[in-house]
Amino acid sequence: MSESTHIEPFEIEAPEKTNNTINNAGEETNDNIIFQEESSENKNNRANYKGGSDSELTCILNIIVSTIGAGAYSLPYVMYQGGIIVSLLLLILVSLASYYSLDLLRSFVVDTKFFSFALMTETILGPKWLKTYAFCSFTLYTSIEVGYLRSIYIYTKGMINLKSYLSIFFYFVISTIIEIIVCLNGTKIANLRFLSIIIISCFSLMLVSLIIVSIAANIFGNVKEKFTSNNLFFPGVYPPNCLNRMFHMSLYIMIYNFCYSYHSTFPTILGNLKGVTQAKTKRVHFISFTCVFSAYILITFFGFIFTDDVPNELFQDNDELFQGIWAALRNPFRFILILFLLFLLPIRFIVLRDNYITLIGKKKMTFKKETIIIAIFTIICNIIVFSVTEFEDSLKELQIKSVLQAFGGIFGVIISFCLPVVNYVSINGKRKLKSIIGYVILVIFVWIGVFSTGHSFYYIFSGKQKE
């Protein structure tokens with residue numbers, strides 16, 4: 001069979017056991033680990049730092065892109081509801097916990113040379129844990145893909161007239177074909193660098209636009225004073241009792257955790273780095289996480305002062321960005337938003353691809369089979385988008401968003417904290433200080449996840465609407 005009939009395989013090899021505690025670069029490794037020595041090619045190229053597909057710079061860009069998505073534009077609403085002090089404290093705490101769990105995962109990847117989250121889960125913890133991870137990640141990332149497609153549909157309707165069902169039908173046919181092509185090519189790691197450049201460029205333009213418009217709105221007095229004592233603690237939580245505030249805090253924490261849930265793609269992206277060593281991956285992790293955290297702070301702050309009533313998600317209704325002489329830029333900005341979300345689709349789909357390749361086996365997966373899988377998945381997601389958007393009033397009673405939040409919170413905890421900690425501990429033992437700290441963080445976030453899930457189900461069964 002010709003080479004073109006097969007998908008691009010992940011470069012994943014089962015690690016070999018060794019008793020070495022120091023690698024060939026002279027770096028200390030963890031005790032009681034599974035470790036595979038680097039190839040001679042990696043040793044020779046360890047010092048390289050160039051703009052190729054396997055350089056540190058490219059790896060940093062790819063990690064940033066795998067992290068930042070449309071979920072970041074919900075952060076200002078958290079500050080609007082929870083208050084300035086509460087939201088910032090929670091963001092910092094979740095950021096520190098996420099950084100630590102990602103560092104455990106990074107250390108595990110370097111020591112074992114497993115560059116697939118699904119494969120490491122199956123090999124270290126067994127097929128039952130793999131099925132648990134596959135179900136959690138499939139549910140979580142499918143909801144992300146549906147959210148992106150829905151936003152693309154809304155922005156497209158803002159640019160062109162899609163009122164008749166015939167025009168809507170043609171839109172979904174054309175968009176589905178484009179999405180299938182993008183996912184087929186974008187899930188290849190070699191093409192990820194080009195997607196990252198486009199996505200970061202679009203994101204930077206949106207962030208700069210947000211900063212400029214927010215500053216202008218405050219200078220010209222279009223926005224009321226936001227930094228008052230009334231906005232410090234839970235201004236949008238009613239009734240303002242202790243239990244209700246705790247429920248909302250758990251929900252805010254899950255939103256922040258969701259924004260840092262790039263654990264599933266982290267090993268795959270690190271695997272494309274030339275010379276996967278402790279020192280190099282630490283540097284990549286620190287720089288990429290610092291960039292993401294800084295972006296979240298900027299989005300939160302300037303999104304909070306953007307308007308008097310902060311929307312649930314920035315840019316869903318972007319008319320306020322471009323008024324008067326700026327009205328001509330409205331559609332170009334929507335086009336940038338569409339490009340941003342469109343090219344995020346294959347990067348999020350990498351997680352789902354990792355799952356079904358591990359479950360089915362890469363030797364059995366041909367290009368034809370993968371095309372069919374991607375096509376079916378994309379068609380189903382677009383049908384969901386059409387149903388939810390066009391029949392929104394009829395589906396309100398089902399409270400689909402609350403259901404996704406209910407399961408998304410606990411699934412996010414499993415992916416971001418449970419599996420990284422359990423994988424690390426299974427190799428390095430329970431008595432290490434890093435393992436103990438990991439367990440403490442895990443227990444805290446499991447309780448918060450249960451609390452958040454209970455909060456969402458309470459609103460589902462009570463029929464009440466969230467503030």
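Buried means under 20% relative accessible area. That cut-off helps in reading the legends below, which describe close-up views of a predicted model.

**View 1. The whole chain is built from helices, with zero strands.**
The secondary structure comes to 16 helices. The chain has 467 residues, and buried residues make up 53% of them. Its accessible surface is about 21500 Å². Carbon and sulfur atoms account for 66% of that surface. Now look at contacts between residues at least 6 apart in sequence: 82% of them join residues at least 24 apart.

**View 2. R283 and E56 form a salt bridge.**
A search of the whole structure finds four salt bridges. In this one, the closest N and O atoms of R283 and E56 are 2.7 Å apart. Which helices do R283 and E56 lie in? R283 lies in helix α11 (residues 278-304), and E56 lies in helix α2 (residues 56-67), so the pair ties together parts that are 227 residues apart in sequence. Is each partner buried or exposed, or partly exposed? E56 has a relative accessible area of 4%, so E56 is buried. R283 has 39% relative accessibility and counts as partly exposed.

**View 3. D103 and R106 meet in a salt bridge within one helix, α4.**
The N to O distance between the two side chains is 2.9 Å. Helix α4 covers residues 84-112. D103 and R106 are three residues apart in α4, so about one helical turn separates them. Both ends of the bridge are covered: D103 is buried at 14% relative accessibility, and R106 is buried at 1%.

**View 4. E370 and R353 link helices α13 and α12.**
The side chains of E370 and R353 meet in a salt bridge, 2.7 Å from N to O. E370 lies in helix α13 (residues 367-390), whereas R353 lies in helix α12 (residues 330-360). The pair therefore ties together parts that are 17 residues apart in sequence. Both residues are buried. Elsewhere, salt bridges that share partners join D103, R106 and K434 into one network.

**View 5. Helices α5 and α12 pack against each other at an angle of about 40°.**
Helix α5 covers residues 117-125. The axes of α5 and α12 are 8 Å apart. How are α5 and α12 oriented to each other? They are oblique. Angles under 35 degrees would count as roughly parallel. Which residues meet here? On the α5 side they are F117, A118, L119 and E122. On the α12 side they are D354, N355 and T358.

**View 6. A nonpolar patch lies on the surface.**
The patch has an area of about 780 Å². L166, F169, F170, V173, I174, I177, I178 and I181 make it. One of these residues, F169, lies in helix α7 (residues 165-186). F169 has 52% relative accessibility, so F169 counts as exposed.

**View 7. N230 sits in the loop between α8 and α9.**
Helix α8 covers 189-219, and helix α9 covers 242-259. N230 is exposed, with a relative accessible area of 59%. How far is N230 from G83, in sequence and in space? In sequence, N230 and G83 are 147 residues apart. In space, their C-alpha atoms are 8.2 Å apart.

Methods:
Residues are numbered from 1 along each chain as its sequence is written. This is a predicted model: local features need pLDDT of at least 70, side-chain atom pairs count only at pLDDT 80 or more; totals for chains, interfaces and linings use all residues. Side-chain values use heavy atoms; hydrogens and water are left out. Helices (H or I, at least four residues) and strands (E, at least two) are DSSP runs, numbered from the N terminus. Buried means under 20% relative accessible area, exposed over 50%, partly exposed in between (1.4 Å probe, protein chains only). Patches are made of residues with over 30% relative accessible area and no salt bridge: like charges are joined within 9 Å, nonpolar side chains (Val, Leu, Ile, Met, Phe, Trp, Tyr) within 5 Å. Accessible areas come from the Shrake-Rupley method with a 1.4 Å probe; for residues, only the protein chains shown count as cover. Axes are lines fitted to C-alpha atoms, for helices over the stretch in contact, and angles run from 0 to 180 degrees between N-to-C directions. Angles under 35 degrees count as roughly parallel, over 145 as roughly antiparallel, 65 to 115 as roughly perpendicular and the rest as oblique. Contact means heavy atoms within 4.5 Å.
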